[in-house]
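This report concerns selected residues and one helix pair in a protein model. The sequence and structure are shown first.

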Amino acid sequence: FDYAPNGSNSIGVRILSTTTGNHVHGIQCYMVQHAALVADGKRVHPAFRAAWGGVKLIRWMTAQGVNTSQQTNWADVPRPTSIARGPSWEEMVDVCNELGADGWFNFPFRGTSDLVTQASTIVRDRMNPALKSYFEYGNELWNWAGGFLGAHYLLDLVTAGNKPYNWMEMAGGRSTEVMQAVSSVFAGQMHRIVRVM
(Lines give C-alpha, C1' and ligand atoms only; values in the text may rest on other atoms or scores of the structure.)
Protein backbone atom coordinates (compact mmCIF):
# COMPACT_ATOMS: atom_id res chain seq x y z
CA PHE A 1 0.00 0.00 0.00
CA ASP A 2 1.05 3.59 -0.44
CA TYR A 3 1.68 5.73 2.62
CA ALA A 4 3.05 9.24 2.92
CA PRO A 5 3.92 10.12 6.52
CA ASN A 6 3.12 13.66 7.59
CA GLY A 7 3.99 13.49 11.28
CA SER A 8 0.51 12.71 12.55
CA ASN A 9 -0.75 9.81 10.46
CA SER A 10 0.98 6.79 11.95
CA ILE A 11 -0.06 3.31 10.89
CA GLY A 12 -1.23 0.53 13.16
CA VAL A 13 -1.73 -3.08 12.10
CA ARG A 14 -4.35 -5.21 13.87
CA ILE A 15 -4.75 -8.92 13.31
CA LEU A 16 -8.38 -9.73 14.04
CA SER A 17 -8.19 -13.47 13.54
CA THR A 18 -5.74 -16.18 12.62
CA THR A 19 -5.56 -19.94 12.29
CA THR A 20 -4.24 -22.09 15.11
CA GLY A 21 -1.20 -24.01 13.90
CA ASN A 22 -0.84 -21.70 10.90
CA HIS A 23 -0.98 -18.28 12.54
CA VAL A 24 -0.21 -15.02 10.81
CA HIS A 25 3.57 -14.71 10.81
CA GLY A 26 6.52 -13.36 8.84
CA ILE A 27 5.13 -9.83 8.54
CA GLN A 28 7.69 -7.32 7.27
CA CYS A 29 7.17 -3.61 6.74
CA TYR A 30 9.63 -1.78 4.54
CA MET A 31 9.79 0.76 1.77
CA VAL A 32 9.28 -0.81 -1.65
CA GLN A 33 12.43 0.81 -3.03
CA HIS A 34 14.44 -1.08 -0.38
CA ALA A 35 13.01 -4.53 -1.13
CA ALA A 36 16.34 -5.77 -2.48
CA LEU A 37 18.14 -4.71 0.71
CA VAL A 38 15.53 -6.48 2.85
CA ALA A 39 15.80 -9.61 0.70
CA ASP A 40 19.57 -9.47 1.24
CA GLY A 41 19.02 -9.41 5.04
CA LYS A 42 20.06 -5.79 5.51
CA ARG A 43 18.65 -3.85 8.47
CA VAL A 44 20.12 -0.38 8.00
CA HIS A 45 18.14 2.20 6.01
CA PRO A 46 20.33 3.88 3.37
CA ALA A 47 19.64 7.35 4.85
CA PHE A 48 20.75 6.12 8.28
CA ARG A 49 23.87 4.62 6.72
CA ALA A 50 24.60 7.91 4.96
CA ALA A 51 24.28 9.82 8.23
CA TRP A 52 26.03 7.33 10.50
CA GLY A 53 28.38 5.45 8.22
CA GLY A 54 31.92 5.84 9.52
CA VAL A 55 30.90 5.78 13.20
CA LYS A 56 33.45 3.61 15.00
CA LEU A 57 31.40 2.52 18.05
CA ILE A 58 27.70 2.19 18.80
CA ARG A 59 26.70 2.16 22.47
CA TRP A 60 23.29 0.50 22.78
CA MET A 61 22.58 1.39 26.43
CA THR A 62 19.70 3.79 25.83
CA ALA A 63 18.07 1.67 23.12
CA GLN A 64 18.29 -1.30 25.48
CA GLY A 65 16.55 0.66 28.25
CA VAL A 66 19.19 -0.53 30.71
CA ASN A 67 18.70 2.13 33.39
CA THR A 68 15.13 1.05 34.14
CA SER A 69 15.20 -2.50 32.78
CA GLN A 70 13.10 -5.20 34.44
CA GLN A 71 14.76 -7.94 32.36
CA THR A 72 15.87 -10.77 34.62
CA ASN A 73 15.68 -14.00 32.61
CA TRP A 74 16.45 -14.73 28.97
CA ALA A 75 12.70 -15.06 28.34
CA ASP A 76 12.34 -11.34 29.24
CA VAL A 77 14.80 -10.19 26.56
CA PRO A 78 13.49 -8.85 23.22
CA ARG A 79 13.79 -11.38 20.43
CA PRO A 80 13.67 -10.64 16.68
CA THR A 81 10.06 -11.90 16.65
CA SER A 82 8.92 -9.97 19.74
CA ILE A 83 6.30 -7.24 19.49
CA ALA A 84 6.51 -3.73 21.03
CA ARG A 85 10.06 -3.96 22.25
CA GLY A 86 13.56 -2.57 22.06
CA PRO A 87 16.22 -4.02 19.78
CA SER A 88 17.12 -7.68 20.07
CA TRP A 89 20.74 -8.71 20.55
CA GLU A 90 20.70 -10.08 16.99
CA GLU A 91 19.53 -6.76 15.57
CA MET A 92 22.10 -4.74 17.50
CA VAL A 93 24.90 -6.97 16.23
CA ASP A 94 23.57 -6.86 12.66
CA VAL A 95 23.56 -3.05 12.68
CA CYS A 96 27.14 -2.99 13.99
CA ASN A 97 28.18 -5.44 11.27
CA GLU A 98 26.50 -3.44 8.49
CA LEU A 99 28.06 -0.16 9.63
CA GLY A 100 31.42 -1.74 10.43
CA ALA A 101 31.20 -0.33 13.96
CA ASP A 102 32.24 -1.85 17.26
CA GLY A 103 29.35 -2.54 19.65
CA TRP A 104 29.00 -1.56 23.31
CA PHE A 105 26.37 -3.75 24.97
CA ASN A 106 24.98 -3.33 28.49
CA PHE A 107 23.56 -6.21 30.48
CA PRO A 108 20.46 -5.43 32.55
CA PHE A 109 21.35 -5.07 36.23
CA ARG A 110 18.78 -7.74 37.19
CA GLY A 111 20.02 -10.16 34.51
CA THR A 112 20.83 -13.75 35.45
CA SER A 113 24.04 -15.49 34.45
CA ASP A 114 22.00 -17.43 31.88
CA LEU A 115 20.83 -14.16 30.30
CA VAL A 116 24.45 -12.97 30.13
CA THR A 117 25.59 -16.28 28.61
CA GLN A 118 22.80 -16.36 25.99
CA ALA A 119 23.39 -12.74 24.94
CA SER A 120 27.19 -13.12 24.86
CA THR A 121 26.84 -16.24 22.73
CA ILE A 122 24.79 -14.33 20.15
CA VAL A 123 27.45 -11.61 20.01
CA ARG A 124 30.29 -14.15 19.77
CA ASP A 125 28.60 -16.13 16.98
CA ARG A 126 27.15 -13.22 15.00
CA MET A 127 29.51 -10.25 15.38
CA ASN A 128 32.14 -9.74 12.69
CA PRO A 129 35.33 -11.01 14.42
CA ALA A 130 37.21 -7.96 13.12
CA LEU A 131 34.99 -5.73 15.29
CA LYS A 132 35.29 -5.29 19.07
CA SER A 133 32.46 -6.02 21.49
CA TYR A 134 32.36 -3.96 24.67
CA PHE A 135 30.38 -5.42 27.59
CA GLU A 136 29.19 -3.57 30.69
CA TYR A 137 27.08 -4.67 33.65
CA GLY A 138 24.26 -2.16 34.07
CA ASN A 139 25.04 1.53 33.75
CA GLU A 140 26.06 4.13 36.33
CA LEU A 141 25.39 1.80 39.24
CA TRP A 142 26.56 4.59 41.57
CA ASN A 143 23.78 6.94 40.42
CA TRP A 144 20.80 7.35 42.80
CA ALA A 145 18.77 9.60 40.47
CA GLY A 146 15.22 8.46 39.72
CA GLY A 147 15.95 7.28 36.19
CA PHE A 148 18.71 4.92 37.35
CA LEU A 149 17.32 1.88 39.18
CA GLY A 150 20.52 -0.18 39.38
CA ALA A 151 21.82 1.35 42.62
CA HIS A 152 18.43 0.85 44.29
CA TYR A 153 18.29 -2.78 43.13
CA LEU A 154 21.79 -3.51 44.44
CA LEU A 155 21.01 -1.92 47.82
CA ASP A 156 17.88 -4.09 48.03
CA LEU A 157 20.07 -7.18 47.46
CA VAL A 158 22.44 -6.10 50.23
CA THR A 159 19.57 -5.37 52.63
CA ALA A 160 17.60 -8.54 51.85
CA GLY A 161 20.69 -10.70 52.32
CA ASN A 162 21.81 -8.80 55.44
CA LYS A 163 25.22 -8.40 53.79
CA PRO A 164 28.12 -6.77 55.67
CA TYR A 165 28.98 -4.48 52.73
CA ASN A 166 27.46 -1.65 50.68
CA TRP A 167 25.73 -1.50 47.31
CA MET A 168 28.92 -0.57 45.43
CA GLU A 169 30.68 -3.67 46.75
CA MET A 170 27.65 -5.66 45.60
CA ALA A 171 27.99 -3.94 42.18
CA GLY A 172 31.65 -4.96 42.00
CA GLY A 173 30.86 -8.55 42.90
CA ARG A 174 27.96 -8.83 40.47
CA SER A 175 29.99 -7.16 37.70
CA THR A 176 32.75 -9.71 38.29
CA GLU A 177 30.26 -12.58 37.97
CA VAL A 178 28.88 -11.11 34.76
CA MET A 179 32.33 -10.66 33.23
CA GLN A 180 33.31 -14.20 34.21
CA ALA A 181 30.28 -15.46 32.28
CA VAL A 182 31.25 -13.31 29.26
CA SER A 183 34.85 -14.56 29.49
CA SER A 184 33.66 -18.17 29.52
CA VAL A 185 31.70 -17.59 26.32
CA PHE A 186 34.68 -15.89 24.65
CA ALA A 187 37.30 -18.33 25.96
CA GLY A 188 40.15 -18.42 23.45
CA GLN A 189 38.79 -15.26 21.76
CA MET A 190 39.36 -12.64 24.46
CA HIS A 191 41.02 -10.32 21.91
CA ARG A 192 37.52 -9.70 20.50
CA ILE A 193 36.09 -8.14 23.68
CA VAL A 194 36.56 -5.27 26.09
CA ARG A 195 35.07 -5.63 29.57
CA VAL A 196 33.92 -2.26 30.91
CA MET A 197 33.71 -1.41 34.61
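The sections below treat two buried charged residues, a helix pair and two loop residues in a predicted model.

## Glutamate 90

Glutamate 90 belongs to helix α4, which spans residues 89–99. Its relative accessibility is 7%, and because buried means under 20%, glutamate 90 is classed as buried.

The side chain of glutamate 90 forms a polar contact with the side chain of arginine 79, at 2.7 Å. When residues up to four places away in sequence are left aside, glutamate 90 touches Arg79, Pro80, Ile122 and Arg126. Arg79 is thus named both as a residue touched by glutamate 90 and as its polar partner through the side chain.

## The pairing of α4 and α5

Helix α5 comprises residues 113–126, and its axis comes within 10 Å of that of α4, with a crossing angle of roughly 30 degrees. Because angles under 35 degrees count as roughly parallel, α4 is described as roughly parallel to α5. The crossing of the two helices is right-handed.

On the α4 side, the contact involves Trp89, Glu90, Val93, Asp94 and Asn97; on the α5 side, Ala119, Ile122, Val123 and Arg126. These residues divide into five nonpolar, one polar and three charged. Glu90 takes part in this contact, and Ile122 and Arg126 of α5 are among the residues that glutamate 90 touches.

## Arginine 174

Arginine 174 is located in helix α7, residues 167–185. With a relative accessibility of 12%, arginine 174 also falls under the 20% limit and therefore counts as buried.

Residues up to four places away in sequence again being excluded, arginine 174 touches Gly111, Thr112, Ser113 and Tyr137. One of these, Ser113, lies within the residue range of α5, 113–126.

## Loop residues with positive phi

Which residue in the loop between β3 and α6 is considered here? It is glutamate 140, in the loop that links β3 (133–137) to α6 (150–160). Phi of glutamate 140 is near 45 degrees, a positive value in a residue other than glycine. At 28% relative accessibility, glutamate 140 is partly exposed.

Asparagine 162 is found in the loop between α6 and α7. Phi of asparagine 162 is likewise positive, near 50 degrees, and this residue too is not a glycine. Its relative accessibility is 69%, and because exposed means over 50%, asparagine 162 counts as exposed.

Note on methods
Residues numbered from 1 in each chain as written. Predicted model: local features only at pLDDT ≥ 70, side-chain atom pairs only at ≥ 80, totals over all residues. Heavy atoms only, no water. Helix = DSSP H or I, 4+ residues; strand = E, 2+ residues; numbered from the N terminus. Buried < 20%, exposed > 50% of the residue type's maximum accessible area, 1.4 Å probe, protein only. Polar contact = N/O pair within 3.5 Å; in protein donor to acceptor, adjacent residues only side chain to side chain. Contact = heavy atoms within 4.5 Å. Axes fitted to C-alpha atoms, helices over the stretch in contact; angles between N-to-C directions. Parallel < 35°, antiparallel > 145°, perpendicular 65-115°, else oblique. Left-handed = near helix turned anticlockwise from the far one by under 90°. Nonpolar A, V, L, I, M, F, W, Y, C, P; charged D, E, K, R; others polar.
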